[in-house]
Amino acid sequence: MRARDWLGAALGCAVVLAFAMLVDAKAPAVAATADSIIAQSVAANRRDWDADPEYSYTETDNNGQGSKTWQVTMLFGSPYKQLIRVNGKPVSASEQQSQQQKFEQAVAERKAESPSDTQKRIADYEKGRRRDHLLMEQLTKAFNFKLRGAGTMSGHSVYILSATPKPGYQPPVMEAQVLTGMRGTLWIDRATSQWVRVRAEVISPVSIEGFLA
């Protein structure tokens, strides 16, 4: 799965969600095809995207050196994040108190917003959602996928797929152009079709309106 700079989101594209990979040599034989797995995952991601504004949830980011987990709460039309765990361990009592104070301050600030400020905040959130959703949708169009096998990740049975640039792909918007210079690997939950992990790397430079990505 959350507004971030689109270039950072695309180039970072190591979208790692709270899991560490462990390939299981005894994983069941893979019967599905790469195309069917991707199609099911697109449908699952679309359902999640539609439901996202209605739910609070936890979000974990892992940069390979450590992890942080936030409680994400919808607060007057846009998310608010509270840090609750670091490297899998609850934050200290003093940090919990600090996070609660920040939350209460955010509540007060959002309640005191002018209608125009509230509208702008929510519009910025929706713009970020649309951008992130577009990039995720375009990933399935910009790459050829190959099923590499099955494995386990934190107790979840997953499919493992490689992704390589699709010849002739034409990005529909500027934000998606960066995808033409990337390749990666996806881990998709076999039971839910959720994207458990996405790892991508830039393999060739991409020029975007005068900037070299």
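**Notebook: loops, sheet, helix 3 and salt bridges**

I began at Phe-76, which is partly exposed, with a relative accessible area of 43%. I note at the outset that the model is predicted. I placed Phe-76 in the loop between strand 4 and strand 5. I then looked up its backbone: Phe-76 has a positive phi of about 55°, although it is not a glycine.

I checked a second loop residue with a positive phi. Asn-87, also a residue other than glycine, has phi near 55°. I found Asn-87 in the loop between strand 5 and strand 6 (89–90).

**Entry: the four-stranded sheet**

I next traced the sheet to which these loops belong. I recorded an open sheet of 4 strands in the order 3-4-5-6, with antiparallel pairing. Its edge strands are strand 3 (57–62) and strand 6, each of which pairs on one side only. For strand 4 and strand 5, I noted antiparallel pairing over 8 bridges. Within that pairing, I found Lys-68 opposite Val-86 in strand 5. I then asked what packs on this sheet. Helix 3 does, touching strand 4 and strand 5, and its direction makes about 175° with that of strand 5.

**Entry: helix 3**

I tested the length of helix 3 (residues 93–111). At 1.5 Å a residue, its 19 residues should span 27 Å, and I found its end C-alpha atoms 27 Å apart, which agrees.

I then asked which residues of helix 3 are buried. They are Gln-99, Phe-103, Ala-106, Val-107 and Arg-110. Seen down the axis of helix 3, the buried residues fall within an arc of 100°, so they line one face of the helix. On the other side of helix 3, I recorded Ala-93, Ser-94 and Gln-97 as exposed. I also looked up the partners of the buried residues: they pack against strand 4 (67–75), strand 5 and helix 4 (115–142).

**Entry: Gln-82**

I selected Gln-82 in strand 5 (residues 78–86) for a closer look. Is Gln-82 buried or exposed? At 13% relative accessibility, Gln-82 counts as buried, because the cut-off for buried is under 20%.

I listed its contacts, leaving out residues up to four places away in sequence: Gln-82 touches Thr-69, Trp-70, Gln-71, Gln-99, Gln-100 and Phe-103. Two of these names, Gln-99 and Phe-103, I had already entered among the buried residues of helix 3. For Gln-71, I noted a C-alpha to C-alpha separation from Gln-82 of 5.1 Å in space, with their positions 11 residues apart in sequence.

**Entry: strands 8, 9 and 10**

I moved on to strand 9 (residues 182–189). I found this strand mostly covered, with 6 of its 8 residues buried. Strand 8 (residues 156–165) pairs with strand 9 in the antiparallel sense over 6 bridges. Ala-163 stands opposite Gly-184 in strand 9.

I then followed strand 9 to strand 10 (residues 195–202): 7 bridges join the two, which run antiparallel. Here I found Thr-185 opposite Arg-199 in strand 10. The hairpin of strand 9 and strand 10 has 5 residues between the strands, and Ser-193 there takes a positive phi near 65°.

**Entry: salt bridges**

How many salt bridges does the model hold? I recorded a count of 5, and I examined several of them.

The side chains of Arg-183 and Glu-201 meet in a salt bridge at 2.9 Å, N to O. Arg-183 lies in strand 9 and Glu-201 in strand 10, so the pair ties together parts that are 18 residues apart in sequence. Arg-183 counts as partly exposed at 41% relative accessibility, and Glu-201 counts as partly exposed at 41%.

In helix 4, I found Lys-120 and Asp-124, 4 residues apart, about one turn of the helix. Their side chains meet in a salt bridge at 3.0 Å, N to O. Lys-120 is exposed, with a relative accessible area of 52%, whereas Asp-124 counts as partly exposed at 39%.

I closed with Arg-129 and Glu-126, whose side chains meet in a salt bridge at 3.6 Å, N to O. Being 3 residues apart in helix 4, they are separated by about one helical turn. I entered Arg-129 as buried, at 8% relative accessibility, and Glu-126 as partly exposed, with a relative accessible area of 24%.

Note on methods:
Residues are numbered from 1 along each chain as its sequence is written. This is a predicted model: local features need pLDDT of at least 70, side-chain atom pairs count only at pLDDT 80 or more; totals for chains, interfaces and linings use all residues. Side-chain values use heavy atoms; hydrogens and water are left out. Buried means under 20% relative accessible area, exposed over 50%, partly exposed in between (1.4 Å probe, protein chains only). Contact means heavy atoms within 4.5 Å. The expected span of a helix is 1.5 Å times one less than its number of residues. The arc is that of the directions from the helix axis to the C-beta atoms. Two strands pair if DSSP finds at least two bridges between them. Axes are lines fitted to C-alpha atoms, for helices over the stretch in contact, and angles run from 0 to 180 degrees between N-to-C directions. A salt bridge is a side-chain nitrogen of Lys or Arg within 4 Å of a carboxyl oxygen of Asp or Glu.
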